[in-house]
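Reader: I have a two-chain model open and no idea where to begin. Could you walk me through how to read it?

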Amino acid sequence: MGDTRLPENWERDFDLYDPRYLEDPFTIWDDMRRSGCPAAHTDRWGGAVLPSRREDIERVARDPQTFTSRAVEATGRVPAPGNELKIPPITSDPPEHDDERRLLLPLFTKPRIRELEGVTRETAERLADGLVGREVVDVADEFARHIPVKVIATMLGVPEEDSSRFDSWVVKFLKIGPRDQAVRVEAIKEITAYFHELLADRRAHEAPGMLNYLLDKSEGGTKLTDDQLVGMCFLLLVAGIDTTWSTIGSSLWHLATHPEDRARLVAEPELLDTAIEEFLRAYAPITIARTATEPVELGGCPMSTGDRVLLPWAAANRDPESFERADEVLIDREENRHLAFGLGIHRCIGSNLARMEIRVALRAWLDRFPDFALDPDHTVTWTGGNVRGPESLHLRLDASEAVA
Amino acid sequence: MKVQIDSTLCQGHNRCLDLAPDLFEDDELGYAHIVGDGEVPPGMERAAELAESNCPEMAITLSP
């Protein structure tokens, strides 16, 4: 009813990389929900169905039988069964999924995450201190992206002398890979080879990081193959880095473009945790994917066996059926049953870690830079596909307000 | 007021632990459990309500 603002032919031929969708998927999802077609279909980028309503997204997430996790990438041809990049447990279904997940859960509890808070804070504060006195900084490249890289490298036990190689692979796989298949394939080979080397070294020598824990548990109980162990390391890299840097980036973008919220957070630092939940709701970075194991209908859209369905968690989070003033970012929102970390058996295992990193990063930033805005000489562009966040985020820092 | 968790639904989001740390505790896998018999002490009703309304799995129930 009324003017649709959807890009042309969106319902049957949507483009996940449409510039309008990258910049503002929120309006598009709103229009999809209001139209007669809350789920769109496409053959582009390997084909997919894109639901916009929370109820449809939840339904898929809760049904691993009908919607397998064997392939979770948002683009590329859906691989034939057996040909997928295996990064357990995200790419596993029950029953294998359950033991694999149980192995990792103890590493991500709140007490374990508290142990990582020191290195997180040291990293964030060092980076922020280094920017004091600058007029314009790219906070995505010069601050946000380095924090989860350091934290995940620490968790994995990547030795300090390997950290710049690790960093360059991260950039290759997470920043360039999504748009360049050749680079992606090369990065997978290099990272996989590295983790196999690291694993072999850890068998011979105990060292900090989770690999010795996994080796002990694996030899004692559930026998895991080297490929499964390497896959889990790969998962941490894939799931724990650009997701978190994207959320830090989106949060800083929001604060840069909403001075009243920024001022309020500076005046009321105790509001930070509540504000972070709202940033997670509004800017949830992940669109994960599932594959249909049988013909099924979703939101009026018929799917065949082997078809991909995308789960844009931020769309579920903006559904007015679920949230009052769903399209407004309210940093004091108390009732916030959001799905930024997913739902059900694949709930993001790193959610405590992510929250801690975001909190530490924003605290370190705001303590030094209470006043900042977008630099008018640069445009913010947004990544797409599986993860949405600012590709670069140039901010003009108010030097008179900065405290070292 | 009494609070309960359906352990078959808990997926370890830990929102309840953040919002009402005196009413919930976690196990070694990060799943949440109620402290004691779930009787909500006076003054903690709001915390219990927030825990209930923020659980993505709707695993928490409150009763008068």
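Author: Start with one pair of residues. This is a predicted model, and in it A:Glu334 forms a salt bridge with B:Arg46. Their closest N and O atoms are 2.8 Å apart.

Reader: What cut-off decides that a pair is a salt bridge?

Author: A side-chain nitrogen of Lys or Arg must lie within 4 Å of a carboxyl oxygen of Asp or Glu.

Reader: How many salt bridges does the rule find across the interface of chain B and chain A?

Author: It finds 5. There are also 11 residue pairs in polar contact across this interface.

Reader: Which elements of chain B give two or more residues to the side that touches chain A?

Author: They are α1 (15–19) and α2 (45–54) of chain B. The most comes from α2(B), with 5 residues. By class, that side of chain B has 7 nonpolar, 7 polar and 8 charged residues.

Reader: How many residues are in contact on each chain?

Author: On chain B, 22 residues; on chain A, 23. The area buried between the chains is about 1,800 Å². Carbon and sulfur atoms give 43% of that. Look also at B:Gln11, B:His13 and B:Leu29, which supply 28% of the area that chain B buries against chain A, more than any other three residues.

Reader: Next, empty space. How do I find it?

Author: Rolling a probe the size of a water molecule over the atoms shows where empty space is left. Take the second largest pocket, with a volume of about 450 Å³. It is lined by 20 residues, and the closest to its centre are A:Asp273, A:Glu277, A:Arg355, B:Arg15 and B:Asp18.

Reader: What classes of residue line the second largest pocket?

Author: The lining divides into 5 nonpolar, 4 polar and 11 charged residues.

Reader: And how many cavities of 30 Å³ or more are there?

Author: The count comes to 4. The largest has a volume of about 160 Å³. Nearest its centre lie A:Tyr21, A:Pro25, A:Trp29, A:Thr287 and A:Arg388. The largest share of its lining, 3 residues, comes from α3(A). By class, this lining has 14 nonpolar, 5 polar and 1 charged residue.

Reader: Which residues lie nearest the centre of the second largest cavity?

Author: They are B:Cys10, B:Asn14, B:Cys16, B:Cys55 and B:Ile60, out of 15 lining residues. This cavity holds about 100 Å³ of space. Its lining has 9 nonpolar, 4 polar and 2 charged residues.

Key
Residues are numbered from 1 along each chain as its sequence is written. Chains are lettered from A and ligands numbered from 1 in the order in which they are written. This is a predicted model: local features need pLDDT of at least 70, side-chain atom pairs count only at pLDDT 80 or more; totals for chains, interfaces and linings use all residues. Side-chain values use heavy atoms; hydrogens and water are left out. Contact means heavy atoms within 4.5 Å. Buried area is the accessible area (1.4 Å probe) that two parts lose on being put together, summed over both. A polar contact is a pair of N or O atoms within 3.5 Å; within protein, one must be able to donate a hydrogen and the other to accept it, and residues adjacent in sequence count only if both atoms are side-chain atoms. Helices (H or I, at least four residues) and strands (E, at least two) are DSSP runs, numbered from the N terminus. Ala, Val, Leu, Ile, Met, Phe, Trp, Tyr, Cys and Pro count as nonpolar, Asp, Glu, Lys and Arg as charged, and the others, Gly among them, as polar. On a 1 Å grid over the protein atoms alone, a cavity is a set of points where a 1.4 Å probe fits but cannot get out, and a pocket is an open set with protein on both sides within 12 Å along at least five of seven lines; lining residues have an atom within 4 Å of a point. Grid points are joined across faces, edges and corners, and a volume is the space filled by probe spheres set on the points.
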